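This report describes selected features of the structure shown below. It begins with aromatic contacts and then turns to sheets, domains and the second chain.

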Amino acid sequence: MNAIPPLFDVARVRAQFPILSQTVRGKQLVFLDSAASAQKPRAVIDAMVGAMETQYANIHRGLHWMSERTTDAYEATRDAAARLLNARDRHEIVFVRNSTEAINLVAHSYGRGIMKPGQAVLISGMEHHSNIVPWQMLRDAHGTELRVAPVNEAGELDMAAFEALLADGRVGLVAITHMSNVLGSYTPAERIAKLAHAHGAKVLFDGSQAIVHRRVDVQAIDADFYCFTGHKLYGPTGIGVLWARRELLDAMPPWMGGGDMISSVTYERSTWAEVPHKFEAGTPAILEGIGLHAAIQFMEGIGYDAIAAHEAALTEHALARLSAIEGVRVIGRAQDRGGVVSFTLDRAHAHDVATLLDRQGIAVRAGHHCAEPLMRSLGLDSTARASFGIYTTPDEIDVLADTLGRIREFFA
Amino acid sequence: MLAMPQPDPFLQPEDPTAAAAIAAIGEDLALFDDWMERYQYIIELGRKLPPFPEAWADDAHRVPGCQSKVWMEAEKRDGRLYLAGASDAAIVAGLVALLLRVYSGRTPAEIIATEPVFLKEFGLLEALSTNRGNGIAAMARRIRDAAAHYA
């Protein structure tokens, strides 16, 4: 008898997500849209409800028991996030609403505050709009340049072109996804950071997708900025993390002014609180912060080795099943990729595919996935996208593939 | 010399009134017990739409607010509003066909009097109104705006 428990028991994981037992249109829910937002485990739900029921007050201000306890719970999330990213120092963790806010913060505080007009920001050809638009706004307001490193046929960053765009030494910041939300491709973060630094640039990674699927070590990557959002990491909406090197945060001016970010205020002038608080104006998302702690602990409890192995097997299974369906084309064939699979079906619009899948209880995303420039470079208006999480099963992928096989006949 | 006659892009009504068209659509959809079959039927309707002139598949004819593309044109003939429409998505094209069956060739007064609630009642809009809409609700609004303009 085998007494060793399996490394990863997906049934036990699923049992922790109450929503997964729901039926949709009379069918068992098959949720393949985790890259847009992931479902929440019981631990996250309980942490937030528990805080509201037993331990809630505004933080960082009160001299009373409830405020101190709530402050402790909220600040414990900072320690957990620092641990998750292997940050040197808990003060390098800035709480934000989401990755979008994190990138906008860097575009304002580092972009306008530290970068000089004439310097360039280098992004890739597979960015989410949240890592394009803030740099366009910086360009238009501050006179920086926006450069785009192309993506090759397989859906990987073209490293030769990337390096060539750094060559003139004018790039002040490389801002790049760590994993594409459309193609599933990882970018080689260590190489990118090394090249950026060799050419005098800082580097920011948008880790919104990557951190859900693999261990991230900002020191091993040698990153300067790294951000992620809580709601894709099985945590609540409205809370995310910007990590940055302490010396950068110290040098950067604050972006938003208000309460909690000041040291003192007079009508003549205000002085800023210490890092990270000078970037955290106003009452933050307290309950969501507490929920994020539970999400991080949940991930740590399962462990990234088990998560990565489970999802690699799922992705391999999905690529094999989908590729075997006549008329289905998988978009993106990167060597190093994760559980996000975009595809098209011949003669069918992605909206048709998603609508028909939805009737069978299967949730996928269809559209441009907030990455219009990438879609245009692929010559596509839209794709359907199935994305996997820790609770996804091979059976669900089979349901998707079998249903797609039926749908294909509609358009044959 | 005889010019090749161009097919009329505007849909001719097959039912006597908008209300009769809605009733007929309801009966047709009720023939299917499965949503996959129902959509197969709807896709078929879209394929049978009168050919939409390529020159009209432009931004000026585009119904905004949807990721799948929807185009339409309206023309008044003998006091009635005739409609043409198309979409790049098959299901949406089928829904365009349903809208045209109800509204094309009716008087502005009849169009204004006919609310597009039948889409919701038949379970068609709810399925597609999510994810920023499929343009069908927007197209129904535009048809009724055109009727108000001509009324």
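In this predicted model, aromatic ring pairs number 15 over all chains. In chain B, the ring centres of B:Phe32 and B:Tyr41 are 5.2 Å apart and the planes meet at 40 degrees, so this pair is classed as tilted. The pair B:Trp35 and B:Tyr39 is likewise tilted, because its planes stand at 45 degrees, with 5.2 Å between the ring centres; the tilted class covers planes that are neither under 30 degrees apart nor over 60. B:Trp35 and B:Tyr39 are both part of helix H2 (residues 35-47) of chain B, where they are four residues apart, about one turn of the helix. B:Tyr39 has a relative accessibility of 0% and therefore counts as buried. In chain A, ring pairs join A:Phe17, A:Tyr234, A:Phe298 and A:Tyr391 in a cluster.

Charged side chains also lie over aromatic rings. Within chain A, the charged end of A:Arg214 is placed over the ring of A:Tyr186, at 3.4 Å from its centre. Between the chains, A:Arg359 lies over the face of B:Trp35, 3.6 Å from the ring centre. B:Trp35 thus takes part in a ring pair with B:Tyr39 and also has A:Arg359 over its face.

Chain A is divided into two domains: domain 1 comprises 10-31 + 303-411, and domain 2 comprises 45-301. The C-alpha centres of domain 1 and domain 2 of chain A are separated by 28 Å. Domain 1 of chain A contributes 35 residues to the contact, and domain 2 of chain A contributes 31 residues.

One open sheet of chain A has seven strands in the order E4-E10-E9-E8-E7-E5-E6, with mixed pairing. Its edges are formed by strand E4 (93-96) and strand E6 (145-149) of chain A; each has a single partner strand, so one side of each is left without a neighbour in the sheet. From one strand to the next, the twist averages 20 degrees. Strand E7 (residues 171-177) and strand E8 (residues 202-206) of chain A run parallel and are joined by five bridges. At A:Thr177, the residue standing opposite in E8(A) is A:Asp206. Helix H6 (residues 159-166) of chain A lies across strand E5 (120-124), E6 and E7 of chain A, at about 155 degrees to E7(A).

A further open sheet of chain A has four strands, in the order E13-E14-E17-E16, and its pairing is antiparallel. Strand E13 (328-331) and strand E16 (365-367) of chain A are at the edges with a single partner strand each, so one side of each is left without a neighbour in the sheet. Neighbouring strands in this sheet are turned against each other by 30 degrees on average, direction ignored. Four bridges connect E13(A) and E14(A) in the antiparallel sense. Strand E14 (residues 340-345) and strand E17 (residues 383-387) of chain A also pair in the antiparallel sense, over four bridges. Individual residue partners that involve E14(A) are set out below.

| Residue | Opposite residue |
|---|---|
| A:Arg329 | A:Thr344 in E14(A) |
| A:Val341 | A:Ala386 in E17(A) |
| A:Ser342 | A:Arg385 in E17(A) |

How many of the residues of E14(A) are buried? Six of the six residues of this strand are buried. Both faces of E14(A) are covered, with A:Val340, A:Ser342 and A:Thr344 buried on one side and A:Val341, A:Phe343 and A:Leu345 buried on the other.

Two helices lie across strands of this sheet. Helix H12 (residues 304-323) of chain A lies across E13 and E14 of chain A and runs at about 145 degrees to E13(A). Helix H13 (residues 350-358) of chain A lies across E14, E16 and E17 of chain A, and its direction makes an angle of about 160 degrees with E16(A). E14(A) is thus crossed by H12(A) and by H13(A).

Chain B contains seven helices and two strands. Read from the N terminus, its elements follow the order α-α-β-β-α-α-α-α-α. Of the 151 residues in chain B, 50% are buried. Among contacts in chain B between residues at least 6 apart in sequence, 68% connect residues at least 24 apart.

Note on methods:
Residues are numbered from 1 along each chain as its sequence is written. Chains are lettered from A and ligands numbered from 1 in the order in which they are written. This is a predicted model: local features need pLDDT of at least 70, side-chain atom pairs count only at pLDDT 80 or more; totals for chains, interfaces and linings use all residues. Side-chain values use heavy atoms; hydrogens and water are left out. Two strands pair if DSSP finds at least two bridges between them. Axes are lines fitted to C-alpha atoms, for helices over the stretch in contact, and angles run from 0 to 180 degrees between N-to-C directions. Contact means heavy atoms within 4.5 Å. Rings of Phe, Tyr and Trp (its six-membered ring) pair if their centres lie within 6.5 Å; planes under 30 degrees apart count as stacked, over 60 as edge-to-face and the rest as tilted. Buried means under 20% relative accessible area, exposed over 50%, partly exposed in between (1.4 Å probe, protein chains only). A charge sits over a ring if NZ of Lys or CZ of Arg is within 6 Å of the ring centre and within 35 degrees of the ring normal. Domain bounds come from an automatic or database domain assignment.
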